[in-house]
Amino acid sequence: MSVVGLNFGSATSGAGFDVASTVASIVGNLKLIENPWNSQLTALKADDTALTSIGTDLASLSTSLLSLTDFQGVLAEKEGSSSNTNVLSLTSAGPTASAGSHSVVVTKLAQSSSLYSAPIAATDKLSGSLSIQIGSGHSVPVPVVSGTSDTLATYAAAINAADVGVSASVISDTTGSRLSLVSNTGGVAGQITVTGSLTDTTTSSGVALSTGLLGQDAQLTVDGVAVDSGSNTISSAIPGVTFQLLSTSPSTPIQVVIANDNTDVTNAFQTFVTAYNKVAGDLTTQEGNTATGSPEPLYGNPIVAQLQSALALALTSGTASGSVSNLYQLGITASKTGQLSLDTSTLNSTLNSHYSDVVGFLQNADSFGQKFTNSLDHLGSQSPQGSISLALTANSNQEKTLNNNITTQDALIATDQAKYTSELTAANQILQSIPQQLNEVNELYSALTGYNTKQG
């Protein structure tokens, strides 16, 4: 601790001294005790930054692995194709679909029942009532209400509001306007039956209804099995697969091929390898020096070796699934520096020949995927018991103690600062008053002795 001196020149000069700077020097000396605490706080904050960064990258590694271990993830994805997209268009192949080839023959397309009226003028008034029945359902009457639904347009709106199972609209052309009714239920089950009648009161003539289309089910065979459908969207013929019928092809089978999505799987493995290498690189960096030559924040910290050892061990964990027992068979190898690389040719070969074993290697109980996931849960910051979380908590506790020490010391210093300011201000006032006091003494002496001190 340095020494603080007072510079006030001659005691009789009356100049005094600078109280503020003197007190500041004293306070500066008192705060020197906080320097080690602040140094520790700076080091801990640097540790926190490095640990948080590693924790973030471990979380990214967990996310990349999840896409491979999730039962509904990328390994469940399927892609499909149709040998004739003019007849059959594949809509989707979901996780429950199995890879394979299917033969589909389309003999009839589904169609929805429809009716239409004779043309009349759009502004003509109507009267009467229609009762509308869909398939074997109940017949529902929809009357024309004078002044409310007494034109084609307003009557169509009334039918739609009645929710009887049809979509009503008005079709207009050069011959006039016609009421159109289309069943909301496709196929035979949606056949429209209409009773009742409408009258054009403007012309005093009946408004006849004609059949547009009869309700018809789609008919097809899938792998020789006959399938009927009220819709041209077929989602139950091949498990997990939805396709659209666009045309008939009764004499030419359409080949529908469902395949595993190797492209997305390969991309997911590459993402995993990249995420792993990021974490491995983080840890390697902490074993060296910064650009300025100073040790990295976690240099010598045992958590670095702990994480490196745990990750290396996790790469060889898990039980085999059929013919797949290690990452090497998936084209993943590790260099001497701990970085992984992916041979996509090897991976695709294994996917093509042992896809289900690859799935098992990542998703079965005690598999590589499950073991690696458990390891990551014990290492990162996503779990309160993860190594990164525990290290950050320990740092936080130390930081809290150091900050409390500094706060307590600052409070003591503030008290001392107030005391020293008061005492030194009083002392300074005494020093500054000395010339005046000496002058008063001289004047008193002159008065008592008759000697004029000013004349010397």
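In which sense do strand β12 and strand β13 pair, and over how many bridges? Strand β12 (residues 218–222) and strand β13 (residues 225–229) are antiparallel, and five bridges join them. The model is predicted, so local features need pLDDT of at least 70 and side-chain atom pairs count only at pLDDT 80 or more, while totals for chains, interfaces and linings use all residues. Residues are numbered from 1 along each chain as its sequence is written, and side-chain values use heavy atoms, with hydrogens and water left out.

Two terms are needed at the start. Helices (H or I, at least four residues) and strands (E, at least two) are DSSP runs, numbered from the N terminus. Two strands count as paired if DSSP finds at least two bridges between them. Strands of a sheet pair through backbone hydrogen bonds, either parallel or antiparallel.

Within the β12 and β13 pair, Q219 has D228 of β13 as its bridge partner. The hairpin has two residues between its strands. One residue in the loop between β12 and β13 is D223, which has a positive phi of about 55 degrees although it is not a glycine. D223 is partly exposed, with a relative accessible area of 43%; buried means under 20% relative accessible area, exposed over 50%, and partly exposed in between (1.4 Å probe, protein chains only).

The hairpin belongs to an open sheet of five strands, ordered β1-β16-β3-β12-β13, with antiparallel pairing. The edges are taken by β1 (78–82) and β13, each with a single partner strand, so one side of each is left without a neighbour in the sheet. From one strand to the next the twist averages 25 degrees, where axes are lines fitted to C-alpha atoms, for helices over the stretch in contact, and angles run from 0 to 180 degrees between N-to-C directions. Strand β3 (residues 100–108) runs antiparallel to β12, and four bridges join them. Here K108 stands opposite Q219 in β12.

A further open sheet has four strands in the order β6-β5-β9-β10, again with antiparallel pairing. At its edges stand β6 (140–143) and β10 (205–206), each with a single partner strand, so one side of each is left without a neighbour in the sheet. Strand β5 (residues 126–134) and strand β9 (residues 192–200) pair over nine bridges in the antiparallel sense, and S127 has T199 of β9 as its bridge partner. In the loop between β9 and β10 is S204. This residue, other than glycine, has a positive phi near 55 degrees. S204 counts as exposed because its relative accessibility is 64%.

The helices come next. Helix α6 (residues 344–363) spans only 21 Å between its end C-alpha atoms, whereas a straight helix of 20 residues would span 28 Å at 1.5 Å a residue; the expected span is 1.5 Å times one less than the number of residues. Helix α6 has a kink of about 105 degrees centred on H354, the bend at a residue being the angle between axes fitted to the seven residues ending there and the seven starting there. Buried residues of α6 include L347, T350, L351, Y355 and F361. The buried residues of this helix pack against α2 (35–69), β16 (254–260), α4 (262–285), β18 (340–342) and α7 (368–377), with contact meaning heavy atoms within 4.5 Å.

Aromatic rings add detail to this region. Four aromatic pairs are found in the whole structure. F361 and F368 form one that is stacked, at 5.3 Å centre to centre and 5 degrees between the planes. Rings of Phe, Tyr and Trp (its six-membered ring) pair if their centres lie within 6.5 Å; planes under 30 degrees apart count as stacked, over 60 as edge-to-face and the rest as tilted. F361 is buried at 1% relative accessibility, and F368 is buried with a relative accessible area of 2%. Ring pairs link F272, Y276, F361, F368 and F372 into a cluster.

L315 is in contact with members of this cluster. Leaving aside neighbours within four places in sequence, L315 contacts Y276, L327, L340, F368 and F372. L315 is placed in the loop between α5 (302–314) and β17 (332–334) and counts as buried at 15% relative accessibility. N277, in helix α4, is buried at 14% relative accessibility. Not counting residues up to four places away in sequence, N277 touches G338, Q339 and L340.
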